[in-house]
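The following exercises are to be worked with the sequence and the three-dimensional model in view. Each task is followed by a stepwise solution.

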Amino acid sequence: MIQKILIANRGEIALRIVRACRELGIKTLAVYSEADVQSLHVQLADEAICIGGPKSADSYLRADRIISAAEIADVDAIHPGYGFLSENAKFAEQCESCNIKFIGPKSKSIKLMGDKAIAKETVRKASVQTVPGSDGPVESEAEAVKIARKVGYPVIIKAVAGGGGRGMRIAHNDVSFAKEYHVARNEAEKAFSDGRVYLEKYIERPRHIEFQILADSHGKVLHLGERDCSVQRRHQKLIEESPSPFMTPDLRKKMGKAAVRAAEAAEYENAGTIEFIVDAKGNFYFIEMNTRIQVEHPVTEEVTGIDLIKQQIHIANGLELEFDQKDITFTKHAIECRINAEDPARNFAPSPGTIGLYYSPGGHGVRVDSHVYSGYVIPPYYDSMIGKLICFGATRKMALERAYRALSEYLVRGIKTTIPLHRAIMADPLFIEGKATTAYMEEFLSRTTPELFS
Ligand code: ADP
């Protein structure tokens with residue numbers, strides 16, 4: 001049984017893992033960069049080791065140093081969190097070969113689902129529908145144009161190694177295709193050192209609906225319902241909720257079964273997410289699998305009452321899941337707002353610096369997952385998320401009202417944040433009606449004066 005875990009991450013997710021471990025009586029080792037000495041996860045873990053300089057490439061991405069730290073501190077397992085090395089098959093393999101349990105899927109599942117083209121082919125074989133497009137990476141511009149015409153414009157050009165919405169461009173005709181194709185390739189090369197791209201039909205105004213999967217090492221694969229993550233800016237999620245206001249029991253059954261089949265096709269183990277886009281008619285298409293815990297996992301936890309981090313550790317221990325599909329119920333509504341250190345009134349410019357006063361909301365139905373506090377200095381080296389506000393209640397209306405109330409209480413002085421933007425969205429009739437698609441944010445921003453968010 002796992003007795004000590006190294007947390008190969010930082011910020012709120014590192015703290016989230018420390019908390020789960022403490023409740024389970026498992027010791028924790030934080031590894032941190034020189035820029036994160038003050039971070040809460042470093043202070044609250046049982047032990048901490050500095051692994052390098054502020055840049056991720058010198059610390060959180062240094063598999064060699066992380067594994068050395070694991071060996072020095074004699075840990076049994078590594079939890080990778082999200083981002084950084086969480087979807088790095090080589091890192092998972094290195095852990096495996098050093099006899100350190102990687103809390104996540106087997107490296108071969110990461111590899112399979114990490115290549116988006118192979119992932120699509122794998123799930124198609126399991127009768128899960130994917131968006132029409134190229135069969136794998138396109139070889140040349142000439143071939144790409146041919147496929148784009150066949151699929152029919154608009155098309156979306158995506159990086160094979162993609163993530164975080166980077167290396168993704170939309171083309172509406174041959175002329176824009178030629179330009180966007182090169183931009184996408186360059187962006188992908190820069191971001192992932194892999195310039196290969198593939199094409200998909202661009203589904204207009206879809207919803208992004210994803211399913212949480214838990215799979216144990218004994219072949220049991222379950223889904224924990226959906227999260228609607230349609231509120232996105234530049235393909236990056238801002239708000240997530242469960243259940244989806246679009247969902248019906250029938251569609252949930254169909255999509256849930258497809259998600260389970262997709263995970264089974266990847267011989268998946270541990271927690272993962274199957275992402276779909278869904279059109280207005282309820283046709284759903286697999287877009288990718290995330291082979292790790294996700295930022296938005298708390299909404300599922302609040303709706304199902306299942307602690308996903310503890311389940312990850314339970315599964316990593318080789319134990320069977322203690323419940324079946326029929327035991328999983330969705331009796332609440334939960335919504336998460338990502339609080340980023342960005343200025344929504346100035347085109348979301350990063351706003352690092354020192355937090356003056358910090359006061360996070362509380363009360364009935366409010367959860368805040370955050371690693372910051374009054375006087376905390378936000379380092380400029382990492383992503384801009386400083387916390388997540390998760391509000392829940394018996395109905396969607398209650399969850400939204402609670403979120404509005406909690407956002408009004410949330411004080412973060414000294415820097416700009418997305419809090420005022422979230423508050424405006426919680427009061428927006430279109431959002432309240434549950435009509436948001438992935439086109440929502442752009443529309444919302446174009447009809448709202450930025451001063452509202454300052
Ligand atoms: P990433 O791995 O970079 O996050 P995804 O493939 O998960 O990329 O897509 C991110 C977002 O981009 C989706 O949530 C959706 O909003 C949009 N998107 C992706 N594929 C399509 C598509 N074929 N049509 C319309 N929108 C898409």
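**Exercise 1.** Why does the sulfur of C337 form no bond with the closest cysteine sulfur?

Solution. The model is a predicted one, in which local features need pLDDT of at least 70 and side-chain atom pairs count only at pLDDT 80 or more, while totals for chains, interfaces and linings use all residues. Residues are numbered from 1 along each chain as its sequence is written, and side-chain values use heavy atoms, with hydrogens and water left out.

Step 1. A disulfide is defined as a pair of cysteine sulfur atoms within 2.5 Å.
Step 2. The closest cysteine sulfur to that of C337 belongs to C391 and lies 6.8 Å away, which is too far for a bond.
Step 3. C391 is likewise in no disulfide, and the structure as a whole holds zero disulfides.
Step 4. C337 has 1% relative accessibility and therefore counts as buried (under 20% relative accessible area, with exposed over 50% and partly exposed in between; 1.4 Å probe, protein chains only). C391 is also buried, with a relative accessible area of 1%.

**Exercise 2.** Determine which residues have the most contacts inside the largest nonpolar core.

Solution. Step 1. A nonpolar core is a set of buried Ala, Val, Leu, Ile, Met, Phe, Trp, Tyr and Cys residues joined through side-chain atoms within 4.5 Å.
Step 2. The largest such core has 37 residues, and I335, L389, M426 and F431 have the most contacts inside it.
Step 3. Among the elements that each supply at least two residues of this core are β14 (333–340), β21 (385–393) and α12 (396–409); helices (H or I, at least four residues) and strands (E, at least two) are DSSP runs, numbered from the N terminus.
Step 4. Not counting residues up to four places away in sequence, L389 touches several residues, including I335, C337 and A403, where contact means heavy atoms within 4.5 Å.

**Exercise 3.** Establish how the buried residues of helix α3 are arranged.

Solution. Step 1. In α3 (residues 63–73), the buried residues are A63, I66, I67, A69, A70 and A73.
Step 2. Viewed down the helix axis, these residues fall within an arc of 155° (taken from the directions from the axis to the C-beta atoms), so they line one face of α3.
Step 3. They pack against β1 (4–7), β2 (27–33), β3 (47–52), β4 (77–79) and α4 (89–97).

**Exercise 4.** In what order do the strands of the open five-stranded sheet stand?

Solution. Step 1. The order is β3-β2-β1-β4-β5, with parallel pairing; two strands pair if DSSP finds at least two bridges between them.
Step 2. β3 and β5 (101–102) stand at the edges with a single partner strand each, so one side of each has no neighbour in the sheet.
Step 3. β2 and β3 pair over five bridges, and A48 in β3 is the bridge partner of A30.
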